[in-house]
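Hello,

Here is the structure I promised to pass on to you. Have a look at it first, and then read my notes below.

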Amino acid sequence: SRSFTTDFQGRYPTGNVMCPLIDLVNHSPDAKPSFRWTPVETKKTPHMDTSRATGVPRLGGRFELIAQEGTSKGQQVYISYGELSSEQLLQNYGFVPDSNRHDCFRVYERELWMSLPEVRED
């Protein structure tokens with residue numbers, strides 16, 4: 001499961017929502033889907049309930065993933081896991097994309113200076 005930040009449409013303070021199964025949606029760095037939390041109220045399920053086990057408020061509602069405009073029926077919908085390097089995607093999500101514009105190679109100043117022959121103290 002993943003956690004997403006939502007504004008609860010102004011009904012509650014901004015917070016995070018756990019969203020089971022959203023991990024099944026593939027990553028694309030160019031994905032621009034939107035997410036929305038929609039409150040659902042019924043007589044059996046009040047809009048806001050408190051868990052007896054934890055005392056944490058539970059909100060009645062659903063979390064929706066909305067495809068980009070122009071997405072055809074049957075076309076795959078993507079989400080972006082963020083502007084992450086291939087190393088971060090591998091460590092956090094278990095995959096490496098074929099190409100990634102967010103990859104970088106860090107060079108520390110000391111290593112850079114030490115690589116220059118006239119600076120080294122051999």
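**What I found**

Of the 122 residues in this protein, 23% count as buried. Please keep in mind as you read that the model is predicted.

Let me begin with the overall layout. The protein has six strands and two helices. If you follow the sequence from its start, the order is β-β-β-β-β-β-α-α, with the strands coming before the helices. Among contacts with a separation of 6 or more, 49% are between residues 24 or more positions apart.

Turning to the outside, the accessible surface comes to about 9,800 Å². Carbon and sulfur atoms account for 49% of that surface.

Next, the pockets. What volume does the largest pocket have? The value is about 180 Å³. Its lining includes the run Glu-83, Leu-84, Ser-85, Ser-86, Glu-87 and Gln-88, together with His-102, Asp-103, Cys-104 and Arg-106. Sorted by class, this lining has four charged, four polar and two nonpolar residues.

The second largest pocket has a volume of about 160 Å³. It is lined by 13 residues, and the closest to its centre are Gln-68, Thr-71, Gln-76, Val-77 and Tyr-78. How does that lining divide by class? Six of its residues are polar, five are nonpolar and two are charged.

If you open the model yourself, the residues named above are a handy place to start looking at the two pockets.

Best wishes

Note on methods: Residues numbered from 1 in each chain as written. Predicted model: local features only at pLDDT ≥ 70, side-chain atom pairs only at ≥ 80, totals over all residues. Heavy atoms only, no water. 1 Å grid on protein atoms, 1.4 Å probe; cavity = no way out; pocket = protein on both sides within 12 Å on 5 of 7 lines; lining within 4 Å. Points joined across faces, edges and corners; volume = space filled by probe spheres on them. Nonpolar A, V, L, I, M, F, W, Y, C, P; charged D, E, K, R; others polar. Helix = DSSP H or I, 4+ residues; strand = E, 2+ residues; numbered from the N terminus. Buried < 20%, exposed > 50% of the residue type's maximum accessible area, 1.4 Å probe, protein only. Contact = heavy atoms within 4.5 Å. Areas by Shrake-Rupley, 256 points an atom, 1.4 Å probe, with all protein chains shown as cover.
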